[in-house]
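Please open the model in a viewer and set the display to a cartoon representation. The stops below are meant to be followed in order, with side chains switched on as each selection is made.

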Amino acid sequence: MDARKLDRRIRIERDGPPGHDGFQNVPGAPEILAEVWSSYRAGGGQERYANAENAATAPVIFRIRWQPGLDPDAPMGLNPSDRVRYPAVDTGSIYDIKAVTPVDRKKWIDIAATRRVG
């Protein structure tokens, strides 16, 4: 892959340590694992109607350069419990990570994710 195709800035986030609000445990504020350049490849979307809810999904694949801190094979590496924010601003859309795959002997990482629409 040509590095010139890394033309989208994304933010990779993970939930922080949970806290207690006096009534129940609540998720912690998101921590930023990395802000990196990526390529963006859109997949086919789908719509469904279930439980009186109209929902659509928009699957995408983000490809980033491999980094030791994001290595999906490492114990604290990138995994499906993390999320991607694109564009990399606080108001960017949130994508749920479905799969993380190292590509080409630790040159790239493919992140398959979906954004919920509607």
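The tour begins with the whole chain and then turns to individual strands and residues.

**The whole chain**

The model is a predicted one. With the full chain in view, the cartoon shows nine strands and zero helices. Of the 118 residues, 34% count as buried. If a surface is displayed, its accessible area comes to about 7,600 Å², and carbon and sulfur atoms contribute 50% of that area. Among contacts with a separation of 6 or more, 55% join residues that lie 24 or more positions apart.

**Strand β7 and its partners**

Select residues 83-86, which form strand β7. Which side chains point one way from this strand, and which the other way? Arg83 and Arg85 point one way, Val84 and Tyr86 the other, and all are buried.

Next, add residues 8-15, strand β1, which pairs with β7 in the antiparallel sense over three bridges. Within this pairing, arginine 11 is found opposite arginine 85.

Then add residues 93-103, strand β8. The pairing of β7 with β8 is antiparallel as well and runs over four bridges. Here arginine 83 stands opposite aspartate 96. The two strands, β7 and β8, form a hairpin, with six residues between them.

**Valine 84 and the nonpolar core**

Keep valine 84 selected and display its surroundings. Beyond its neighbours within four places in sequence, valine 84 is in contact with residues including Ile10, Ile12, Phe62, Ile94, Ile97 and Ile111.

Val84 also belongs to the largest nonpolar core, a set of 17 residues. Ile10, Ile12, Phe62, Ile64 and Ile111 are listed with Val84 as the members with the most contacts inside this core. To see where the core residues come from, colour β1, β4 (30-42), β6, β7, β8 and β9 (108-117): these elements each give two or more residues to it.

**Leucine 70**

Finally, select leucine 70, in the loop between β6 (53-65) and β7. Is leucine 70 buried or exposed? Its relative accessible area is 3%, under the 20% cut-off, and leucine 70 therefore counts as buried.

With neighbours within four places in sequence set aside, leucine 70 is in contact with Ile12, Leu33, Ala34, Ile64, Gly77, Leu78 and Ile109. As a last step, draw a distance from the C-alpha atom of leucine 70 to that of valine 100: the separation is 9.8 Å, although the two residues are 30 residues apart along the chain.

Key:
Residues numbered from 1 in each chain as written. Predicted model: local features only at pLDDT ≥ 70, side-chain atom pairs only at ≥ 80, totals over all residues. Heavy atoms only, no water. Buried < 20%, exposed > 50% of the residue type's maximum accessible area, 1.4 Å probe, protein only. Contact = heavy atoms within 4.5 Å. Areas by Shrake-Rupley, 256 points an atom, 1.4 Å probe, with all protein chains shown as cover. Pairing = 2+ DSSP bridges. Core = buried A, V, L, I, M, F, W, Y, C linked by side-chain atoms within 4.5 Å.
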